[in-house]
Amino acid sequence: MTSTGMGGNLQIVCANCQAPPVPGSKLRYCGRCLCTQYCGKLCAAADWAEHKLACESLRRGHDGDMAEHEEAGGTRKEFRQGYREDANFFAGVPGLKNEMELLAWTHRHKSPVVSASTIQLPSNNLTAEGD
């Protein structure tokens, strides 16, 4: 999960307690989906009831994306860097987080995951697309 800190800087925070990592430490990824980050085992366990609804879907998406990236000659390190760059891009779009939360709430009974992705358009216009 990401949060915009003071000065507009993107901060990666624990999905459960919303705390940034302790200085000199890193957040740990869920061992199943490798997407959601936690302070440690206690936060992961506390969030499991909610996270398990999306975990398998996140794992399949992550595995598929990673496989495509590696087939194209990319490395895991480059894949993770691209993920961070996408997170920074999305964090900089005004109002996007609120819109995503509204979509998630509106469709909460249909799907446990709301996804956003980037595509390269021929011009510099940004467009939104909904289901």
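## Helix α1 and its terms

Helices here are DSSP runs of H or I with at least four residues, numbered from the N terminus. The structure is a predicted model. Helix α1 covers residues 41-71.

D63 and R59 are four residues apart in α1, a separation of about one helical turn. R59 and E56 also both lie in α1, three residues apart, again about one turn of the helix.

## Salt bridges around R59

Four salt bridges are found in a search of the whole structure. R59 takes part in one with E56, where the closest N and O atoms are 2.5 Å apart. R59 also forms a salt bridge with D63, with the closest N and O atoms 2.8 Å apart.

The partners can be placed by their accessibility. R59 has a relative accessibility of 26% and therefore counts as partly exposed. E56 is partly exposed at 38% relative accessibility, and D63 is partly exposed with a relative accessible area of 35%.

## The R76 pair and the network

R76 and E70 form a salt bridge in which the closest N and O atoms are 3.2 Å apart. E70 lies within the range of α1, residues 41-71, and R76 lies in the range of α2, 76-91. The relative accessible area of R76 is 46%, so this residue is partly exposed. E70 is partly exposed as well, with a relative accessible area of 35%.

E56, R59, R60 and D63 are joined into one network by salt bridges that share partners.

## Shape of α1

How far apart are the end C-alpha atoms of α1? The distance is only 33 Å for a helix of 31 residues. A straight helix would reach 45 Å at 1.5 Å a residue, and α1 falls short of that span.

α1 also contains a kink of about 70°, centred on W48. Just after α1, G73 has a positive phi of about 95°.

## Buried residues of α1

Which residues of α1 are buried? They are C43, D47, H51, A54, C55, H62 and M66. A residue is buried when its relative accessible area is under 20%; R59, at 26% relative accessibility, is therefore partly exposed and not buried.

The buried residues of α1 pack against two elements, β4 (37-38) and α2 (76-91). R76, the salt-bridge partner of E70, falls within the residue range of α2.

Note on methods
Residues are numbered from 1 along each chain as its sequence is written. This is a predicted model: local features need pLDDT of at least 70, side-chain atom pairs count only at pLDDT 80 or more; totals for chains, interfaces and linings use all residues. Side-chain values use heavy atoms; hydrogens and water are left out. A salt bridge is a side-chain nitrogen of Lys or Arg within 4 Å of a carboxyl oxygen of Asp or Glu. Buried means under 20% relative accessible area, exposed over 50%, partly exposed in between (1.4 Å probe, protein chains only). The expected span of a helix is 1.5 Å times one less than its number of residues. The bend at a residue is the angle between axes fitted to the seven residues ending there and the seven starting there. Contact means heavy atoms within 4.5 Å.
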